[in-house]
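Biologist: I am new to this structure and would like to go through its charged side chains with you, one question at a time. Could we look at it together before we begin?

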Amino acid sequence: KFKNPEDIEVLPDGKSLLISQMSNMEGTKPGNVVVYDAESGEASPLFPMAVVDPGNDQDWGDNNCPGIPGNEFAPHGISLKQRDDGQLQLAVINHGGRDSVEMFSVQQDGGHWQLQWRGCVVPEDGTFMNDVALLGNGGFVATHMFDKRAPHVMGLSIGLWKAQFGVKTGYVFEWQPDAGFRILEESRGPFLNGIEISPDNKIVYANVYAGHEIRKLDRQTGK
């Protein structure tokens, strides 16, 4: 039924799941985001679609977002959050065509769930993200695994090799619409993976995959 499902979020109706279907870790093959109905057992693609209308509202990302992703879209981690303004927002890590965090509004029309693309955030060159956790104001925290520009040896990135030997290749970073990027300094470790944020947005929980630990971080101080 699914093709390499990577991440999952529960929609407000309590029976529908948003699932990112990842192509491969490098994002060299396209994937998609589907909605799964747990009652019917059916999965339907939500993005990308054959015809995609980006809409007029493209204000949930950075001003330098280069535009809506194409069919090379390759999702990784996802995060669903009700914004402070009441709208439901989905953030998707994308590796296809560019490494970015894609922003969508999640809406229901006639009982059917839909995604409307609203913008993106593109970090500095070499950033290789794994997962994202949204904040209520449209900002987010995300994990960076290792430098994507590192050369490959025996089919694997040197960045991945380094992480397996305990080198601190990754970290957690935060992005805010009005302040841009900052690194949570004590998050640095080998191959950062999944991430979650506490309900009050004060505590970050990060999976330091190759370090075999879960790290608890104060979001404001980075400690």
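Modeller: One definition will help us: a residue is called buried under 20% relative accessible area, exposed over 50%, and partly exposed in between. Please also keep in mind that this is a predicted model.

Biologist: Is Asp 147, which meets Arg 149 in a salt bridge, buried, partly exposed or exposed?

Modeller: The side chains of Asp 147 and Arg 149 come together at 2.9 Å, N to O. Because partly exposed covers what lies between under 20% and over 50%, the relative accessible area of 28% makes Asp 147 partly exposed.

Biologist: Which parts of the chain does the salt bridge between Asp 125 and Arg 149 tie together, and how many residues apart in sequence are they?

Modeller: This pair meets at 3.9 Å, N to O, and both partners are exposed, Asp 125 with a relative accessible area of 60% and Arg 149 at 52%. Asp 125 sits in the loop between strand 8 (112–121) and strand 9 (129–134), while Arg 149 belongs to the loop between strand 10 (140–144) and strand 11 (152–153), so the bridge ties together parts whose separation in sequence is 24 residues.

Biologist: Which residue meets Glu 185 in a salt bridge?

Modeller: Glu 185 is partly exposed, with a relative accessible area of 46%, and its side chain takes part in a salt bridge of 2.9 Å, N to O. The partner is likewise partly exposed, at 30%, and is Arg 188.

Biologist: How many salt bridges does the structure hold?

Modeller: Besides such pairs, a network of salt bridges links Lys 15, Asp 37 and Glu 39. For the structure, the number of salt bridges is 13.

Methods: Residues are numbered from 1 along each chain as its sequence is written. This is a predicted model: local features need pLDDT of at least 70, side-chain atom pairs count only at pLDDT 80 or more; totals for chains, interfaces and linings use all residues. Side-chain values use heavy atoms; hydrogens and water are left out. A salt bridge is a side-chain nitrogen of Lys or Arg within 4 Å of a carboxyl oxygen of Asp or Glu. Helices (H or I, at least four residues) and strands (E, at least two) are DSSP runs, numbered from the N terminus. Buried means under 20% relative accessible area, exposed over 50%, partly exposed in between (1.4 Å probe, protein chains only).
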